[in-house]
Amino acid sequence: MAQISPKLLIPESFQVSRDDITGQLGLIWELIKAPLIVPLLKLGVYISLTMSLMLFMERLYMGVVIILVKLFWKKPEKRYKFEPIQDDVELGSSNFPVVLVQIPMFNEKEVYKISIGAACGLSWPSDRLVIQVLDDSTDPAIKLMVEQECQRWASKGINITYQIRENRTGYKAGALKEGLKRSYVKHCEYVAIFDADFRPEPDFLRRSIPFLVHNPNIALVQARWRFVNSDECLLTRMQEMSLDYHFTVEQEVGSATHAFFGFNGTAGIWRIAAINEAGGWKDRTTVEDMDLAVRASLRGWKFVYLGDLQVKSELPSTFKAFRFQQHRWSCGPANLFRKMVWEIIQNKKVKFWKKVYVIYSFFFVRKIIAHMVTFFFYCVVLPLTILVPEVHVPIWGAVYIPSIITILNSVGTPRSIHLLFYWILFENVMSLHRTKATFIGLLESGRANEWVVTEKLGDAVKKAADAAKNKTNVKAPRKFRFKFTDRLNTLELGFAAFLFLCGCYDFVHGKNNYFVYLFLQTITFFITGIGYVGTII
């Protein structure tokens, strides 16, 4: 049998330039581009445009509904029965229900006094209030400080208990679950939960408990977060813009239309009977709060969101802490969706349209599609179309739809409208981590159940700055605890390089002027890649 020459299988032009590495790579690219790259990239464009339209319709729906809610819907006090609980000289405090306040914490050195002090200052009869500090701290010094703070308030006549566990099984969910098992809380009807950096106003219980007392079908009353350090740095301003939309629109619409929304894990009050009926706290995901809310809703319980009842809190001001928080907030809902979607479909206690809202709107679009389309479309697909001019992205998909979505997202924080463009660039960077976390949650792999407590700095940075400014003898903490290399984020730097190359190619060969966006996005990726975002400690 005649031997087949390899020259028959290789184009002649390829043989001529085989010593030229650049030429060979170019020929390989041309050989695979038409049959492989172009069809795959076109498919990516179609999928991205579909996801963009889904997100656009969701945002448009939310925008229309929130306008109707503000103009025509009754306030929660009018939609539900609401009568303030009055002090009665004859009955004393017996007409007030017994309320448990739980404060879970973990090595909260800078902020533990804030929440404990605020809880002890709540305007509620002392014999009808039980405060439970659930301390999972691993630092003995911090545990001692928290215990002493509890003892200090107890000496003033406050019914406060310092509670610890032998291990951190279940993390926050485990601590809350363990707290409800204690014999001294069995007579409590409701439980208010505050994280260590939250500081409720004295009238918090008086404004929220009546909804639960007079409406036996309500399981949860959720207050809005207000941020005391939103002006600390640009990172906290970006977070405020995102979270204000969540509270101003998403929570409000969910409460008004379906009496359902995700519990935010803090600054809320639960009916303990509803927690027990829903199966109690579970630690199967990193969003134990959302898990409980969905299970309680499937059993017919209603939720009320009070936008005018605000609780002060602190935003994470370091990029490292913010990244860990976003991983948990993105991975957890995706993992919960994987675990509960079939249970939601099979449920017979809730109406069909509520199922559609929970599965499609609450979970699929907001918790999965929103992260993926931002990353894949604007950080991967759109830049790649510059290198493959055969693939075209329509102007409505590349510019018009994203612009409208961005404008609708900005309604929650009018004061930061001038930061809108940078917020877009920063959200695109964070979509990289959110998308990665979403896939981890959906596939239940790797860090799916990783729980890292969000570090809060409290007044530590301010005190250090004041000490340095006044040149006091107080030894201020070092400004930099980490080396420069410890702040490097290689994933962001890699995408900065990729987008920079795409921008340069578009500047030389492109026709759509995408290089303006690509260079700005490159700078944002680079800044986050070298760790110069947020408070540097």
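**Charges, rings and exposure**

Me: Why is D291 called buried?
Reply: D291 has a relative accessible area of 0%, and a residue counts as buried under 20%, as exposed over 50% and as partly exposed in between (1.4 Å probe, protein chains only); D291 is therefore buried. This is a predicted model, in which local features need pLDDT of at least 70 and side-chain atom pairs count only at pLDDT 80 or more, while totals for chains, interfaces and linings use all residues. Residues are numbered from 1 along each chain as its sequence is written, and side-chain values use heavy atoms, with hydrogens and water left out.

Me: What makes the contact of D291 with R284 a salt bridge?
Reply: The closest N and O atoms of D291 and R284 are 2.8 Å apart, and the term asks for a side-chain nitrogen of Lys or Arg within 4 Å of a carboxyl oxygen of Asp or Glu, so the pair is a salt bridge. R284, at a relative accessible area of 23%, is partly exposed, whereas its partner D291 is buried. Elsewhere in the model, D231, R237, E240 and R415 are joined into one network by salt bridges that share partners.

Me: How many salt bridges does the rule give?
Reply: The count comes to 21 salt bridges.

Me: How do you know that R415 and D231 are paired, and where in the chain do they lie?
Reply: Their closest N and O atoms are 2.9 Å apart, which places R415 and D231 in a salt bridge. This pair links distant parts of the chain, 184 residues apart, since R415 sits in the loop between α13 (395–409) and α14 (420–443) and D231 in the loop between β5 (218–227) and α8 (234–258); helices here are DSSP runs of H or I with at least four residues, strands are runs of E with at least two, and both are numbered from the N terminus. With a relative accessible area of 53%, D231 is exposed, but R415, at 40%, counts as partly exposed.

Me: What about E178 and R182: are they buried or exposed, and what joins them?
Reply: Neither label applies, because E178 at 28% relative accessibility and R182 at 25% both count as partly exposed. Their side chains meet in a salt bridge, with 3.5 Å from N to O.

Me: Why is the pair of W270 and F303 called edge-to-face?
Reply: The model holds 27 aromatic pairs, a pair being rings of Phe, Tyr and Trp (its six-membered ring) with centres within 6.5 Å, called stacked when the planes are under 30 degrees apart, edge-to-face when over 60, and tilted for the rest. One of them is made by F260 and F303, at 5.9 Å centre to centre and 35° between the planes, which is tilted. W270 and F303 have ring centres 5.7 Å apart and planes at 75°, so this pair is edge-to-face. It links strand β6, which holds W270, to strand β7, which holds F303, across 33 residues.

Me: How do you know that W270 and F303 are buried?
Reply: The relative accessibility of W270 is 0%, and F303 likewise has a relative accessible area of 0%, so both fall under the cut-off for buried.

Me: What is unusual in the backbone of A267, and why is this residue called buried?
Reply: A267 has a positive phi of about 60° although it is not a glycine, and its place is in the loop between α8 and β6. Its relative accessible area is 0%, and A267 is therefore buried. N513 also shows a positive phi of about 60° without being a glycine, in the loop between α16 (490–509) and α17 (515–529).

Me: Why is Q251 in helix α8 called buried?
Reply: Q251 belongs to helix α8 and reaches 2% relative accessibility, so it counts as buried. Its C-alpha atom is separated by 7.7 Å from that of G262, eleven residues apart along the chain.

Me: Why is I21 called exposed?
Reply: I21 has 62% relative accessibility, so it counts as exposed, and it lies in helix α2 (residues 21–72).
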